[in-house]
Amino acid sequence: MEHVSADPLPFDTNAPAAGQARLEDFLARHKGLIQRVVRHVGGRRVELLREDIEQEVLISLWRRLGREQPLDLTPSYVYKAALRETVRSLRREGSRGGQSATFQGDWPGSANEPFADVSHRECVEALEKSLAELPDDRQRAARLHLQGFRVEEIMTMCGWPYQRARNLVARAMADLRVALRERGIRD
Amino acid sequence: VTESRKLLSDEALRSLYADTASSSDHPSEETLAGLLEHGTSSDERERVVDHVSRCGECADVLRHLARCVECAPETGVKPLGRRGQPPRSWPLWGGLAAAAALVTFLAWPPGPNRTLGTPDPGVLRAGAPAGLAPVSPAGPQKGTPTDLRWTGVPDALAYRVVVRDARGEQVFSSPDLSETSCPWPAARTFAPGAYTWQVLARTRNGEETASALAHFSLP
């Protein structure tokens with residue numbers, strides 16, 4: 001499996017100046033593309049932070065693409081790389097704000113309650129243990145559903161027929177709720 | 001309605017899972033995009049899916065690749081919503097609900113660049129009772145609706161409504177309701193554009209069933 005690192009490598013400061021100039025030129029030419037990615041991914045959520053995030057993405061992309069041969073970088077490749085860096089920036093921004101990147105729920109720990117961290121950690125552990133107990137396919141269906149994927153997406157990713165994907169998600173979530181209730185999270 | 005019931009909702013569980021789902025050693029974006037192409041299952045695919053199922057960052061990237069119509073020309077990845085794969089569960093939803101959806105659809109067809117929202121998969125089991133159907137809002141709205149209304153079913157213990165934007169992202173989920181209407185969430189800001197909504201009924205056997213989708217737009 002081809003991998004990307006969680007934290008981009010520092011830009012190679014020993015690279016020849018001409019290479020750096022080419023890279024700077026490349027990124028300047030793709031600034032519009034980066035702005036489009038941030039706009040598409042962030043939408044109205046990042047209205048006030050858009051320029052900061054664009055800058056952050058630009059720097060991250062610079063570091064990341066500094067290891068590549070600019071001439072080999074197709075617009076599609078750069079767009080996808082910018083997409084990753086934008087997602088990363090938005091998640092960092094969400095963490096800084098003390099919020100989930102996608103949704104702030106009502107779980108213990110989302111408010112300033114006494115022992116909130118402990119309660120929240122226990123809930124997270126209960127969820128993880130309950131998921132781990134599910135049979136493989138149901139566990140995968142439940143995890144993908146919890147990641148926000150739709151049935152059509154799950155079926156495509158897993159190579160399942162629609163009906164199978166739908167049933168696995170429904171049954172897995174039902175089993176998960178039973179397991180969570182057994183761990184003290186009751187109706 | 002108890003607090004613990006809310007804790008077991010899809011939204012709350014997703015929020016909690018977001019705190020567990022993190023990873024490193026991410027697959028490349030090209031590899032992620034490959035998951036959206038139909039193909040036979042393989043060990044490589046399984047490894048990547050397994051990673052995505054546990055990694056919030058890669059899930060965010062993949063969801064965006066799968067859904068963003070505007071990005072498609074640049075990424076070369078065809079959003080799944082454009083592949084014309086309607087859920088096979090539609091015929092099971094009952095005649096009246098399907099007819100209501102068809103009437104709504106014909107009266108206000110979606111534009112070519114909008115991705116229709118999908119029903120909550122966690123509640124699709126035996127299909128919606130025939131009487132469970134959104135009433136209003138439907139179609140273009142002149143202003144902000146005052147409430148969401150639907151026809152109920154006799155054996156429902158509680159209802160909740162879910163509103164999604166044109167990309168299918170959930171933008172509002174109500175608490176459990178005992179009436180067949182829900183005040184419009186005035187505290188939330190809704191951008192002008194197309195939305196879908198549906199009502200979900202929880203019945204005495206503890207299962208939830210979902211209505212057909214209703215479409216409306218805000219000025």
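Reader: Let's start inside the protein. Which residues have the most contacts inside the largest nonpolar core?

Author: Happy to, and keep in mind that this is a predicted model. The largest nonpolar core has 69 residues. Those with the most contacts inside it are A:Leu127 and B:Val52.

Reader: Which residues of chain B does A:Leu127 touch, leaving out residues up to four places away in sequence?

Author: A:Leu127 has neighbours in both chains. In chain A it touches A:Leu146, A:Leu176 and A:Leu180. In chain B the residues it touches are B:Leu13, B:Leu16 and B:Tyr17.

Reader: How many residues are in the other core, the one that lies apart?

Author: That core includes B:Leu148, B:Trp150, B:Phe172 and B:Leu177. Apart from the largest core, it consists of 20 residues.

Reader: B:Pro185 caught my eye. Is it buried or exposed?

Author: B:Pro185 is found in the loop between strand E7 (181–183) and E8 of chain B. Buried means under 20% relative accessible area. B:Pro185 has 11% relative accessibility, so it counts as buried.

Reader: How far apart are the C-alpha atoms of B:Pro185 and B:Leu148?

Author: B:Pro185 touches B:Leu148, and also B:Phe172 and B:Phe190, when residues up to four places away in sequence are not counted. B:Pro185 and B:Leu148 are 37 residues apart along the chain. Their C-alpha atoms are separated by 9.5 Å.

Reader: Now the aromatic rings. What kind of pair do B:Phe190 and B:Tyr195 form?

Author: There are 6 aromatic pairs over all chains. For B:Phe190 and B:Tyr195, the centres are 5.7 Å apart, with 70 degrees between the planes. An angle over 60 degrees counts as edge-to-face, and the pair of B:Phe190 and B:Tyr195 is edge-to-face.

Reader: And what kind of pair do the rings of B:Tyr195 and B:Phe216 make?

Author: Here the ring centres of B:Tyr195 and B:Phe216 are 5.6 Å apart, with the planes at 20 degrees. B:Tyr195 lies in strand E8 (residues 193–203) of chain B and B:Phe216 in strand E10 (residues 214–218) of chain B, so the pair ties together parts 21 residues apart in sequence. Planes under 30 degrees apart count as stacked. At 20 degrees, the pair of B:Tyr195 and B:Phe216 is therefore stacked.

Reader: What is the relative accessibility of B:Phe216?

Author: B:Tyr195 is buried, with a relative accessible area of 6%. B:Phe216 belongs to one aromatic cluster with B:Trp184, B:Phe190 and B:Tyr195. B:Phe216 counts as buried, and its relative accessibility is 0%.

Reader: Which ring does the charged end of B:Arg63 sit over?

Author: This arrangement brings in a residue from each chain. The charged end of B:Arg63 is 5.8 Å from the centre of the ring it sits over, that of A:Phe149.

Reader: On to charges. Which residue meets B:Glu57 in a salt bridge at 3.1 Å?

Author: The structure holds 18 salt bridges over all chains. B:Glu57 is buried, as is its partner. B:Glu57 lies in helix H5 (residues 56–67) of chain B and its partner in helix H4 (residues 75–96) of chain A, so the pair joins two chains. At 3.1 Å, N to O, that partner is A:Arg88.

Reader: Is A:Arg91 buried or partly exposed?

Author: The side chains of A:Arg91 and B:Asp60 meet in a salt bridge at 2.8 Å, N to O. This pair crosses between chains, from B:Asp60 in helix H5 of chain B to A:Arg91 in helix H4 of chain A. B:Asp60 is buried, with a relative accessible area of 13%. A:Arg91 has 21% relative accessibility, so it counts as partly exposed.

Reader: How many residues apart are B:Arg54 and B:Asp50?

Author: Their side chains meet in a salt bridge at 3.5 Å, N to O. B:Arg54 is partly exposed at 33% relative accessibility, and B:Asp50 is partly exposed at 29%. Both lie in helix H4 (residues 43–54) of chain B, about one turn of the helix apart, which is 4 residues.

Reader: One more: which backbone nitrogen lies 2.9 Å from a polar atom of the side chain of A:Glu153?

Author: A:Glu153 is in helix H7 (residues 151–158) of chain A and counts as buried at 2% relative accessibility. Among the residues it touches are B:Ala66, B:Arg67 and B:Leu80. The backbone nitrogen 2.9 Å from its side chain belongs to A:Arg150.

How values were computed
Residues numbered from 1 in each chain as written. Chains lettered and ligands numbered in written order. Predicted model: local features only at pLDDT ≥ 70, side-chain atom pairs only at ≥ 80, totals over all residues. Heavy atoms only, no water. Phe/Tyr/Trp six-rings, centres within 6.5 Å; stacked < 30°, edge-to-face > 60°. Buried < 20%, exposed > 50% of the residue type's maximum accessible area, 1.4 Å probe, protein only. Lys NZ or Arg CZ within 6 Å of the ring centre and 35° of its normal. Contact = heavy atoms within 4.5 Å. Core = buried A, V, L, I, M, F, W, Y, C linked by side-chain atoms within 4.5 Å. Salt bridge = Lys/Arg side-chain N within 4 Å of Asp/Glu carboxyl O. Polar contact = N/O pair within 3.5 Å; in protein donor to acceptor, adjacent residues only side chain to side chain.
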